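Me: Could you pull up the sequence and the model for me? I'd like to go through it with a few questions.

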Amino acid sequence: MYMGGLVGYLSASSDYIETVSDCSSKILNYRGGGQYIGGFAGYNYDYNVLNCYSEAGRFDSTGGAFLAGFIGNNSCCSTNVIKNCSSVCESVYTTGQYVGGFMGYHSLGLIENCHSTVNDFVRNNAIQIGGFLGYLNGGKVLKSFSKTGIIEAPYNQIGGFIGYVGGDNAVVDQCFCEGIASSSTNSSSMQVGGFIGYNTCSTGRVTNSYCIGTVNSVSQSGGFIGFNASEIHNCYCDVNVNASGEKVGTLFGELQNTNVTDCFTTKAGTIAGYGSPSNCYSLPDGYSDSQTWSREWDEEIWDLSKPLPTLKCFDE
């Protein structure tokens, strides 16, 4: 099943048109089963999507996979571009996999200058859930953000921005999110993060990004990332972490890549539940741009004059 507010299935391999631009869609509500469901498109194979917008009421789906406010599944090549797009969705309730406020699953290609808003997000048995993107399989996400209410599920890999990052050479740069990520499961396969839940991409990097909100979990949880294998630089979180299990940190739950530098959390406590990042700090008494480590942050990217740094790409 392919269901979208504008179109269910897009395939550049069978059509002459390779770009969709300057379009909008609106769905009042969707209730039913199936997979590949999006506020704009259910499944996109290799179309560029530019300057588009979707608005949806409530998504209520049982079973299946690939559910999102904008595109359910975006499986394509490295030249694919999703740019200057946004989605607004009232609520998402599902028992499926690959669930995101903007996109459920993205493979290769570029997402740039996109954003999503979901008021009430997932109160069911879904896995690999992100406020912006459920699963990033390689590719790049640049200059994008999400704002959600509560992302709540009893199972694994929940992130305020991205649930799961895998594949090769995945890049996340100049992004932020706001919201609450919650899980009640105490399991070794459970990862919850204020920004990313589970990141297994050892060849990837996360840079110049931040998150604001709350993480409610048991174990393998971090204010920024629950489990991380990528390099990380110049990031921070202003997140309350409520978790009493193993591998819990105010920044990271578990670090498997020690190339992590110049990051901070506004909360007191253990920075990483497992692993040792370099030049990362807990600053419960407040941030100051006069601190030595902040000199590594690019003032062309960051506005360091505010109580907490913000990204200049969203100030314009």
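Here are my questions on this predicted model, with a reply to each.

Me: What average pLDDT does the chain have, and which strand has the lowest mean?
Reply: The chain averages a pLDDT of 89, and 93% of the residues score at least 70. Going by element, strand β23 (residues 171-173) has the highest mean, at 98. The lowest mean, 84, belongs to strand β16 (residues 115-123).

Me: Which strands stand at the edges of the 10-strand open sheet?
Reply: The sheet is parallel, and its order runs β2-β6-β10-β14-β18-β22-β26-β30-β34-β36. An edge strand has a single partner, so one side of it is left without a neighbour in the sheet. That description fits β2 and β36 (272-274).

Me: By how many degrees are neighbouring strands of this sheet turned against each other on average?
Reply: The pairing in this open sheet is parallel. Ignoring direction, the average turn between neighbouring strands of the sheet is 10 degrees.

Me: Over how many bridges do β14 and β18 pair, and what stands opposite Tyr 105?
Reply: Strand β14 covers residues 103-107 and strand β18 covers residues 133-137. They pair in the parallel sense over four bridges. Opposite Tyr 105, in β18, stands Tyr 135.

Me: How many aromatic pairs are there, and is the one between Tyr 9 and Tyr 43 stacked or edge-to-face?
Reply: The count comes to 32 aromatic pairs. For Tyr 9 and Tyr 43, the centres are 5.1 Å apart and the planes make an angle of 15 degrees. Planes under 30 degrees apart count as stacked, so this pair is stacked.

Me: How many residues apart in sequence are the parts that this Tyr 9 and Tyr 43 pair ties together?
Reply: Tyr 9 is in strand β2 (residues 7-11) and is partly exposed, at 39% relative accessible area. Tyr 43 is in strand β6 (residues 41-45) and is buried, at 14%. The pair therefore ties together parts whose separation in sequence is 34 residues.

Me: What kind of pair do Tyr 210 and Trp 302 form?
Reply: Their ring centres are 6.1 Å apart, with 45 degrees between the planes. The pair links strand β28 (residues 210-216) to strand β38 (residues 302-303), 92 residues apart. Tyr 210 and Trp 302 are both buried. The pair they form is tilted.

Me: Which ring does the charged end of Arg 58 sit over, and which one does Lys 247 lie over?
Reply: Arg 58 has its charged end 4.0 Å from the centre of the ring of Tyr 93. For Lys 247 the distance to the ring centre is 5.3 Å, and the face in question is that of Tyr 274.

Me: Is Gln 191 buried or exposed, and which aromatic residues does it contact?
Reply: Gln 191 lies in the loop between β24 (176-182) and β25 (192-193). Its relative accessible area is 3%, so Gln 191 is buried. Beyond its sequence neighbours within four places, its contacts include Asn 156, Gln 157 and Gln 220, along with Tyr 198 and Phe 227. The aromatic cluster also has among its members Tyr 198 and Phe 227.

Me: What relative accessible area does Phe 121 have?
Reply: Phe 121 lies in strand β16. With neighbours within four places left aside, its contacts include Val 92, Val 99, Ile 129, Ile 150 and Ile 151. Phe 121 is buried, and its relative accessible area is 0%.

Notes: Residues are numbered from 1 along each chain as its sequence is written. This is a predicted model: local features need pLDDT of at least 70, side-chain atom pairs count only at pLDDT 80 or more; totals for chains, interfaces and linings use all residues. Side-chain values use heavy atoms; hydrogens and water are left out. Rings of Phe, Tyr and Trp (its six-membered ring) pair if their centres lie within 6.5 Å; planes under 30 degrees apart count as stacked, over 60 as edge-to-face and the rest as tilted. Helices (H or I, at least four residues) and strands (E, at least two) are DSSP runs, numbered from the N terminus. Buried means under 20% relative accessible area, exposed over 50%, partly exposed in between (1.4 Å probe, protein chains only). A charge sits over a ring if NZ of Lys or CZ of Arg is within 6 Å of the ring centre and within 35 degrees of the ring normal. Contact means heavy atoms within 4.5 Å. pLDDT is the predictor's confidence in each residue, from 0 to 100. Two strands pair if DSSP finds at least two bridges between them. Axes are lines fitted to C-alpha atoms, for helices over the stretch in contact, and angles run from 0 to 180 degrees between N-to-C directions.
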